[in-house]
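User: I should like to take a close look at a single part of this structure. Please guide me through it step by step, in terms that a first-year student can follow.

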Amino acid sequence: MRNSIIFLACACALFTGCKHNASSDIRLNQLGFSPMQEMTATIVLPDSTAEANAVFILNENNDTVWSGVPAVTMKNPISGKSCQIVDFSALDTVGTYTMYLKDGQGKISNVKFQISNRPYRELTRSALRAYYHQRASMATEEPYAEGYARPAGHPDDHVLVHASAATPERPEGTVISSPEGWYDAGDYNKYIVNSGFTMGVWFLAYEFNKAYFDTLKLNIPESIVNRQSSNRQCPDMLSEAMYNIRWMMTMQDLDGGVYHKLTEPDFEGFIRPDQCKKPRYVVMKTTAATLDFAATMAMAARIYAPFDEAFCAQAKEAAVKAYQWALAHPAVYYDQPKMNAQFKPEITTGAYDDFDVNDEFYWAEIELYLLTGDEQYKANIGSHARNIANTLAQDGKYYLPATWGNVAELAYLDLLMHGKTGANALLEHLKPYIDDVETSVFRSPYGNRESDFFWGCNSEGCCWRGIECLYAYRLTGEEKYRINAERCLNYILGQNATGYCYVTGFGTKPTAHPHHRLSYSHPKGTLPGFLAGGPNPAQQDAQTDGVKYPKDVPADESYLDYQPSYASNEVTINWNVTLFALAAGIDALDAQH
Ligand code: G3I
Ligand code: 9MR
């Protein structure tokens with residue numbers, strides 16, 4: 001108590017006399033920490049000549065429980081900004097704290113944070129509940145909507161077969177029904193490639209932490225009335241996924257091929273789902289979509305086995321049929337300009353185009369093999385795995401990390417968890433990033449290289465690296481991997497170059513204006529639990545809709561919390577799944593303490 005009074009008195013005196021404007025900034029995980037966790041904050045200094053800072057942490061009774069002067073000043077290799085790190089991991093008591101920073105000029109800033117036993121439980125729940133809000137074809141209602149109810153839109157019971165997808169059985173203009181599923185992102189379309197990838201990560205997350213997800217309650221309609229009520233109660237997390245899987249099944253044509261997407265011809269305005277009136281089409285079948293579908297259905301057939309046998313038989317049949325179509329059509333790529341040159345109406349929505357399907361073949365084959373044990377799939381794996389390995393030799397980035405366009409790692413991680421491959425590739429891949437931590441201004445294995453920043457990097461870069469660390473921890477038991485997984489989450493939740501907590505509705509400075517039609521059009525505003533894409537120096541949106549980035553903004557700050565910024569501030573199903581997989585992985589470990 002005495003310490004804190006003296007500190008505050010001195011600080012106030014210095015503060016009054018101070019003439020400088022620039023001040024240091026504290027960046028830390030705005031959701032706080034569990035007592036066992038490493039706890040650090042980054043102080044971004046106003047300039048390289050700034051003097052050392054002093055940091056005091058006070059508890060709710062205003063007792064100083066920690067104080068120190070961070071010694072080392074380091075440079076952010078991307079922006080060149082000078083930073084200091086304070087490590088207050090010694091704190092181990094649950095409570096609310098305030099960190100006071102007295103900078104070299106005597107200026108004071110402060111930030112509140114919590115130490116609690118389960119700091120990421122609500123984050124995990126909310127990131128999963130985001131999918132309930134994304135549901136197409138139904139109204140979201142209380143009590144499930146938790147304040148964000150909205151009317152139904154996009155029944156998708158009158159979807160037109162686009163000329164590019166026409167067959168003798170289903171000529172152009174044939175009406176099919178393809179309801180349910182999740183809206184992909186900030187837009188209202190439904191894309192198989194991205195849905196398949198999302199389901200892959202979803203199922204991996206489930207299998208990684210089965211016991212945790214089996215008991216996690218999401219407050220969705222299925223929590224109460226289980227659709228498969230004659231079977232064993234399905235965990236909420238798998239019930240939510242089923243809403244999307246049922247839609248995916250409707251996207252398979254009679255011949256086994258799978259439509260690339262269900263879409264309006266061009267993006268809707270920022271209106272509510274029930275206000276949308278554009279026609280919706282299924283467009284051409286592609287090899288990538290068909291293989292991602294095959295892999296998803298094969299995984300589903302395995303994972304839902306304890307809950308719904310009839311569904312599993314249907315999913316397996318759909319997977320096999322899709323795979324056979326892909327073998328017969330191994331190189332049908334989604335080339336939107338080429339398609340538009342040939343067919344009308346023109347389609348200008350998301351492409352999810354991918355001109356290398358070796359990894360999609362590999363994933364489908366691994367999943368069909370794991371499901372059936374059938375040697376036929378194993379034999380084919382050989383040729384695709386070889387292609388992938390060859391490419392890997394030339395470009396280490398090819399195999400890892402996983403993204404919607406590179407699904408090889410999903411197969412690899414599944415093999416790893418089944419004890420059918422070794423962890424070396426994963427550990428080697430992680431090593432340089434973990435080595436970076438020693439000089440990292442954000443004490444993170446992510447965010448120290450320009451190449452870490454691109455469209456969707458918060459998920460595909462940061463969260464995914466954290467998930468890889470969780471796998472490495474599970475396989476080796478080495479603490480450093482658990483700590484680095486937590487460090488990735490710290491980065492997402494505020495210990496980063498912009499100081500944003502990149503999850504809507506969480507933290508003291510959250511993403512508040514995402515590129516998200518459901519949020520923008522909702523009278524209550526931004527929906528909670530969504531991860532923003534993140535800093536993207538390519539700035540593909542820079543010339544549109546008044547999107548203006550500051551001149552020469554560093555790559556790790558190339559982010560606008562501005563609704564029109566689709567290249568840095570959109571939300572998507574494939575990104576949120578990595579957020580909840582990482583948060584759940586850490587929360588499950590916290591629960592063991
Ligand atoms: O593959 C190249 C790589 O070789 C190159 O080094 C790198 C340099 O920037 O670019 C890579 O291509 C990027 C590609 O994603 C693959 O990662 C493109 O620049 C980048 O523009 C592209 O962004 C995609 C974006 O659509 C535009 O097509 C995002 O990954 C993808 O998540 C996003 O998806 C959209 C949907 O189309 C529509 N719905 C919303 C969704 C999220 O924004
Ligand atoms: O809203 C669209 C978003 O969902 C997509 O990810 C993005 C890239 O395909 O495109 C957005 O739509 C923009 C369009 O591409 C260009 N004009 C402005 C649109 C958003 O207001």
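With which strand does strand 2 pair in the antiparallel sense over five bridges?

Analyst: The model is a predicted one, and within it strand 2 pairs with strand 6, which comprises residues 82-87. The two strands run in the antiparallel sense, and five bridges join them. One pair of partners may be named: Ala 41 has Val 86 as its bridge partner in strand 6.

Strand 2 also pairs with strand 1, formed by residues 25-27. This pairing is again antiparallel, and it extends over three bridges. Here Ile 43 of strand 2 has Ile 26 opposite it.

The next matter is the surroundings of strand 2 itself. The strand spans residues 40-44, and five of its five residues are buried. To follow this statement, one needs the cut-off: a residue is called buried when its relative accessible area is under 20%. The strand is accordingly described as mostly covered.

The directions of the side chains complete the description of this strand. In a regular strand, side chains alternate between the two faces of the sheet. In strand 2, Thr 40, Thr 42 and Val 44 point one way, while Ala 41 and Ile 43 point the other way. The residues of both groups are buried. Ala 41, whose bridge partner is Val 86, and Ile 43, which stands opposite Ile 26, thus belong to one of these groups.

For comparison, a buried residue may also lie in a loop. Arg 150 is located in the loop between helix 2 (121-133) and strand 9 (159-161). Its relative accessible area is 8%, and Arg 150 therefore counts as buried, since that value falls under 20%. Leaving out residues up to four places away in sequence, Arg 150 touches several others, including His 133, Tyr 183, Pro 273 and Leu 518. The side chain of Arg 150 also comes to 2.7 Å from the backbone oxygen of Arg 135. A polar atom of that side chain of Arg 150 lies 3.3 Å from the backbone oxygen of Met 138.

A second loop residue offers a further example. Thr 504 is found between helix 15 (479-492) and helix 16 (517-520). This residue is buried, with a relative accessible area of 0%. Beyond its neighbours within four places in sequence, Thr 504 is in contact with residues that include Thr 511, Pro 514 and Phe 530.

Methods
Residues numbered from 1 in each chain as written. Chains lettered and ligands numbered in written order. Predicted model: local features only at pLDDT ≥ 70, side-chain atom pairs only at ≥ 80, totals over all residues. Heavy atoms only, no water. Helix = DSSP H or I, 4+ residues; strand = E, 2+ residues; numbered from the N terminus. Buried < 20%, exposed > 50% of the residue type's maximum accessible area, 1.4 Å probe, protein only. Contact = heavy atoms within 4.5 Å. Pairing = 2+ DSSP bridges. Polar contact = N/O pair within 3.5 Å; in protein donor to acceptor, adjacent residues only side chain to side chain.
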